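User: I'm new to this structure and would love a close look at one part, the nonpolar core. Could you walk me through what it is made of and where it sits in the chain?

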Amino acid sequence: MTAKIAYDDVEVGTELPAQTFPVTRESLVRYAGASGDFNPIHWNEKFAKEVGLPDVIAHGMFTMAEAIRVVTDWTGDPGAIVEYGVRFTKPVVVPNDDSGAEIEVGAKVAAKLDDNTVRVDLTARSAGQKVLGMSRAIVRLA
């Protein structure tokens, strides 16, 4: 696959389509199985509260993966991501109910770089709080 977005068609400030991703306890259990990360803070409410958390929290890497989907959906090619990094600022708290939590993600082109690459800055929020900081991706465009 190659990116479906052309470098010449993108300007600094171009906003990518925002997305909201649902997170349920089931999502966390499925992710734990796929990743092998069965830390009980991600599925056991009693344990999470005993260690000082407000409730079960989403895996940081799960949150990071959901956020980058805004960029991969925009480019049409997950392989277009050259580099990606974040700082985890707040956990995504996932209550044990029918709706769970949501991660709201927005992104915009912050810089045009060499070799048909751009830097995309992402914002990720859950329950009104910023959950990822310094969330940036370097993306190679067509």
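Analyst: Happy to help; here is the core, starting with the chain around it.

This is a predicted model, where local features need pLDDT of at least 70, side-chain atom pairs count only at pLDDT 80 or more, and totals for chains, interfaces and linings use all residues. Residues are numbered from 1 along each chain as its sequence is written, and side-chain values use heavy atoms, leaving out hydrogens and water.

The chain has three helices and five strands, in the order β-α-α-α-β-β-β-β from the N terminus. These are DSSP runs numbered from the N terminus: helices are H or I with at least four residues, strands E with at least two. Of the 142 residues, 39% are buried, meaning under 20% relative accessible area with a 1.4 Å probe, protein chains only.

Now to the core itself. A nonpolar core is a set of buried Ala, Val, Leu, Ile, Met, Phe, Trp, Tyr and Cys residues joined through side-chain atoms within 4.5 Å. The largest one here has 35 residues, and Leu16, Trp74, Val105, Val120, Leu122, Val139 and Leu141 have the most contacts inside it. Strand 1 (15-23), helix 3 (60-75), strand 3 (101-112), strand 4 (117-126) and strand 5 (129-140) each supply at least two of its residues. Helix 3 gives the largest share, seven residues.

Let's zoom in on Val139. Leaving aside residues up to four places away in sequence, Val139 touches Val71, Thr75, Ala80, Ile81, Asn116, Thr117, Val118 and Val120, with contact meaning heavy atoms within 4.5 Å.

Terms used: Buried means under 20% relative accessible area, exposed over 50%, partly exposed in between (1.4 Å probe, protein chains only).
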